[in-house]
Amino acid sequence: MSLHASWMTSGLECLSAEEIRSSMASKKTRVVLAADRTTIAEISMVLSLAGPNICMLKTHADGVVDFDYARWMDEVVRPARKMGILIFEDRKFADIGHVSKIQMLGHQRIADWADIVTAHRISGPDIINGIHAAWSEVGRRGSILILAQMSSSGNFLDSQYTKKTVDSCKNIPGVCGFIGNGSDPTSIAALREAVGPEKLILTPGINLSPSESVMGQRYGHPSEAIRSGADAVIVGSGIIRSDSVSDAAALYAKATMDEM
Ligand code: 5BU
């Protein structure tokens, strides 16, 4: 058995899809905020404005130019927890299991604060064990979203890759779900069909104005993504680049809840 595989059998040492769904239900929103800002102060600001209307805060800690662990915990992580918001580090781990563990415990100490992280399935299933071994080492529970599709144009995650990824991961307790392509309702519906009802599907590539896309990003509508089978939508620019972050977050939250 590979690294710290006990969670695989017990299923008790990781955050389950059910727990995450119930956390989202209590916040009455299916919006994950992609806080793609580059300073702690800016991320803290968008969190405080959008907080009431989001269920998760998605970060790219390696893009934060003034990253400082103590400030990160005080100004981002603790306020998010106080608001009942899960922290999701979109690190897209892709290395061998042992190195992914090192990265989880590295400079940014992701294992200390992230409840959810993303990983590619490309390097093999031991990446899942490596990531969970890091959470075990710091005495925390978390879970992993595996990239089954991507929203960016020209990506190599074709339907065969998606199928192999889902088939090999959907019964693993340490995986709470999958990332799907929010820009294409047909792809989301196909992913839901393959995944079944248990695991989560979160979809980036969401904007109320599809024409906002830049640098190969593609966008779909939040309500359509939820209708097609997504549990939650990931929204960055649509909220953080709007004139009123709080109004935009409320608008997106409404778009994800009205369709239920
Ligand atoms: P946007 O500003 O709403 O386009 O931001 C989208 C976010 O979702 C951004 O943080 C990306 O890293 C993330 N993302 C994505 O856009 N597409 C993908 O396929 C995956 C993640 Br996986």
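**Exercise 1. Composition of the ligand shell**

Determine how the residues of the shell around the ligand divide by class, and identify which strands each supply at least two of them.

*Solution.* Step 1: the shell around the ligand comprises 8 nonpolar, 5 polar and 4 charged residues. The structure is a predicted model. Step 2: a residue belongs near the ligand if one of its heavy atoms lies within 4 Å of it. There are 17 residues around the ligand, and D36, K58, S151, Y219 and S237 come nearest. Step 3: at least two residues of this shell come from strand 3 (86–93), and at least two from strand 8 (232–235).

**Exercise 2. Polar contacts and coverage**

Find how far polar side-chain atoms of D36, H60 and S237 lie from an oxygen atom of the ligand, and state what percentage of the ligand's accessible area the protein covers.

*Solution.* Step 1: the cut-off for a polar contact is 3.5 Å between N or O atoms. Step 2: for D36, a polar side-chain atom is 2.7 Å from a ligand oxygen atom. Step 3: in H60, a side-chain N or O atom lies 2.8 Å from an oxygen atom of the ligand. Step 4: for S237, the distance from a polar side-chain atom to a ligand oxygen atom is 2.3 Å. Step 5: on its own the ligand has 490 Å² of accessible area, of which the protein covers 88%.

**Exercise 3. The pocket**

Locate the ligand with respect to the pockets, and describe the volume and lining of the largest pocket.

*Solution.* Step 1: the ligand takes up the space of the largest pocket. Step 2: this pocket holds about 640 Å³ of space. Step 3: its lining consists of 31 residues, with D36, K58, S151, P204 and Q217 closest to the centre. Step 4: by class, the lining has 13 nonpolar, 12 polar and 6 charged residues. Step 5: strand 3, strand 8 and helix 11 (237–240) each supply at least two residues of that lining.

How values were computed: Residues are numbered from 1 along each chain as its sequence is written. This is a predicted model: local features need pLDDT of at least 70, side-chain atom pairs count only at pLDDT 80 or more; totals for chains, interfaces and linings use all residues. Side-chain values use heavy atoms; hydrogens and water are left out. A polar contact is a pair of N or O atoms within 3.5 Å; within protein, one must be able to donate a hydrogen and the other to accept it, and residues adjacent in sequence count only if both atoms are side-chain atoms. Accessible areas come from the Shrake-Rupley method with a 1.4 Å probe; for residues, only the protein chains shown count as cover. On a 1 Å grid over the protein atoms alone, a cavity is a set of points where a 1.4 Å probe fits but cannot get out, and a pocket is an open set with protein on both sides within 12 Å along at least five of seven lines; lining residues have an atom within 4 Å of a point. A molecule sits in a cavity or pocket if more than half of its atoms lie within 2 Å of its grid points. Helices (H or I, at least four residues) and strands (E, at least two) are DSSP runs, numbered from the N terminus. Ala, Val, Leu, Ile, Met, Phe, Trp, Tyr, Cys and Pro count as nonpolar, Asp, Glu, Lys and Arg as charged, and the others, Gly among them, as polar. Grid points are joined across faces, edges and corners, and a volume is the space filled by probe spheres set on the points.
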